[in-house]
Amino acid sequence: MRLDQRGDSAHSGVMTGHQDDFSHLDRAGRAMADIARHPRLTVNIVVGAGILLAWLSLASMAVRGAEARGSAPGDTLLRGLPQLPLPDFLERFFALCLSPAPLDASIGLRAVALTLMWFLMAIAAMLPSAAPMIRTYCEIADTARIKGEPVVHPLVLVAGYLGVWLAASMLFSALTLGLHAFAASGDMYDPLLGIAGALALLVAGLYQFSGLKEACLNKCRNPFSVLFSNWSAKAIRVLRLGVAQGLWCLGCCWALMLVMFAVGVMNIFWMALIGLFTLIEKQTSGRLPTRLAGAILLVWAAALLVVSL
C-alpha cells in the first residue's frame, strides 16, 4: 500500500497508529485524541445515530402529516401513533414541509425546509446501503494505521458521500416545488396521479434495465478496488473519494427516488421499502432484483396509464 507521507500528522488532521501520551491535553483534547485513535467505533456511532435520528424525524413528520391529510395508505396506522413533544424549531420545520398552502413570499424558506426533508430521506434510505463502502474504508485505514502510516478519518469520506446527496436533495426539492405549482389538490405530498405518476414510474422502471444503472451498481458493490487504488492521506482527496462514491450511489438510486412522487413524497412505508430494496440490491451479485423491480415498475406504470386514459 503506497500512502502519501508528506506533512506533519499532528497538523494535517490525519490519524496515526502511534499510541501517544495525551495526558498533557485538557479533557476536550483527550476526548478528540481518543476519537481519532478509534475511527471505526466513531464512524459506526455517528452514522448509526444519524440514520436513527433521520428515521425518527421522518416518522414524527409522517405522523403529523397523517393527522392533516384525509386518507392515504398507512395514514390510519400513523394516526394511531402518539405525537411526541418536539422542540419549536422542529415543529416549525415540519410545518414548512407539510403545509399544503399555496407558496408565498417564504418560498426560499420552504425550499430550504424541503431540501432538508429530502436530505433526511436520503440519510434514512441510502446511507445504510453505503455501510459496506464505509466498512471497507475503515478496514484499509486500520491496516495503514497499524503500520504507523497517516490516515484520514472515515467521517471525511462520509461527508463527501453525503455532500452528493445534499446536492441531489436540492434538485428533488426544486422538483417538488415545481410539481406543487401544477398539483390539482394543492397538496405537494399527494401522490401524482394519471400520466404524471405513470411517467415517473416509467422512467424508474426503464432505468433499472439501463447500462448506466448496471455500471453504477457494480461500483457500489465493489468499493475495495476503487478505495484502494485511490488511497491517499490527504483529507481533500478522501473527501473527493467520498464524492465519487456518492455519485455512483446517486447513479444507482436517483430513479427509484422518483417513485416517491408516484406514491406520495412523505409515504414513509414506501420510503422504507425503497431503502430496504437498495440495501438488498447492493448486497447481491446477480441482476435478478434489479430486473424484477424494473419489470414491476413498468407494469405498474402501464396499469396507471391505462386507468388514467
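Let's start where helix α5 meets helix α12 (residues 268-283): their axes come within 8 Å and cross at roughly 45 degrees. That crossing angle makes α5 oblique to α12. Keep in mind as you look around that this is a predicted model. On the α5 side, the residues touching the partner helix are Met-121, Ala-125 and Met-126, and α12 answers with Met-271, Ile-274, Gly-275 and Thr-278. Sort the residues of this contact by class and you get five nonpolar, two polar and no charged.

Now stay on α5, which covers residues 107-126, and look for helix α11 (residues 235-263). Here the axes are 13 Å apart, and the two helices pack at an angle of about 120 degrees. So α5 is oblique to α11 as well, and the crossing of this pair is right-handed. Trp-118, Met-121 and Met-126 make the contact from α5, while α11 brings in Cys-253, Met-257, Met-260 and Phe-261. What classes of residue make up the contact of α5 with α11? Seven are nonpolar, with no polar and no charged residues. Two of the names should ring a bell: Met-121 and Met-126 touch α11, and Met-121 and Met-126 also turn up in the contact with α12.

From α12 you can step on to helix α13 (residues 288-308), which packs against α12 at about 145 degrees with the axes 10 Å apart. In this pairing Trp-270, Phe-277 and Glu-281 of α12 meet Pro-289, Thr-290, Ala-293 and Trp-300 of α13. The tally for this contact is five nonpolar residues, one polar and one charged.

Next, the cysteines. How many disulfides does the structure hold? Zero. Take Cys-216: this residue is in no disulfide, and the nearest cysteine sulfur, which belongs to Cys-252, is 5.3 Å away. A disulfide here would need the two sulfur atoms within 2.5 Å. Cys-216 is buried, with a relative accessible area of 4%. Then there's Cys-253, which you already met where α11 contacts α5. Cys-253 is in no disulfide either, and its nearest cysteine sulfur is that of Cys-249, at 4.3 Å. Is Cys-253 buried or exposed? Its relative accessibility is 0%, so Cys-253 counts as buried.

One more stop is worth making, at Pro-223. This proline lies in helix α10, which runs over residues 223-229. With a relative accessible area of 7%, Pro-223 is buried, the cut-off being under 20%. Which residues does Pro-223 contact, once its neighbours within four places in sequence are left aside? They are Pro-132, Met-133, Thr-136 and Gln-245. Pro-132 is 91 residues from Pro-223 along the chain, yet their C-alpha atoms are separated by 7.8 Å.

Finally, zoom out to the whole chain. There are 13 helices and two strands in the protein chain, among them the helices you have just walked through. Of the 309 residues, 45% are buried, Cys-216, Cys-253 and Pro-223 being included. As for contacts with a separation of 6 or more, 79% of them involve residues 24 or more positions apart. The pairing of Pro-223 with Pro-132 gives you one example of such a contact, at 91 residues apart.

Notes: Residues numbered from 1 in each chain as written. Predicted model: local features only at pLDDT ≥ 70, side-chain atom pairs only at ≥ 80, totals over all residues. Heavy atoms only, no water. Axes fitted to C-alpha atoms, helices over the stretch in contact; angles between N-to-C directions. Helix = DSSP H or I, 4+ residues; strand = E, 2+ residues; numbered from the N terminus. Parallel < 35°, antiparallel > 145°, perpendicular 65-115°, else oblique. Left-handed = near helix turned anticlockwise from the far one by under 90°. Contact = heavy atoms within 4.5 Å. Nonpolar A, V, L, I, M, F, W, Y, C, P; charged D, E, K, R; others polar. Buried < 20%, exposed > 50% of the residue type's maximum accessible area, 1.4 Å probe, protein only.
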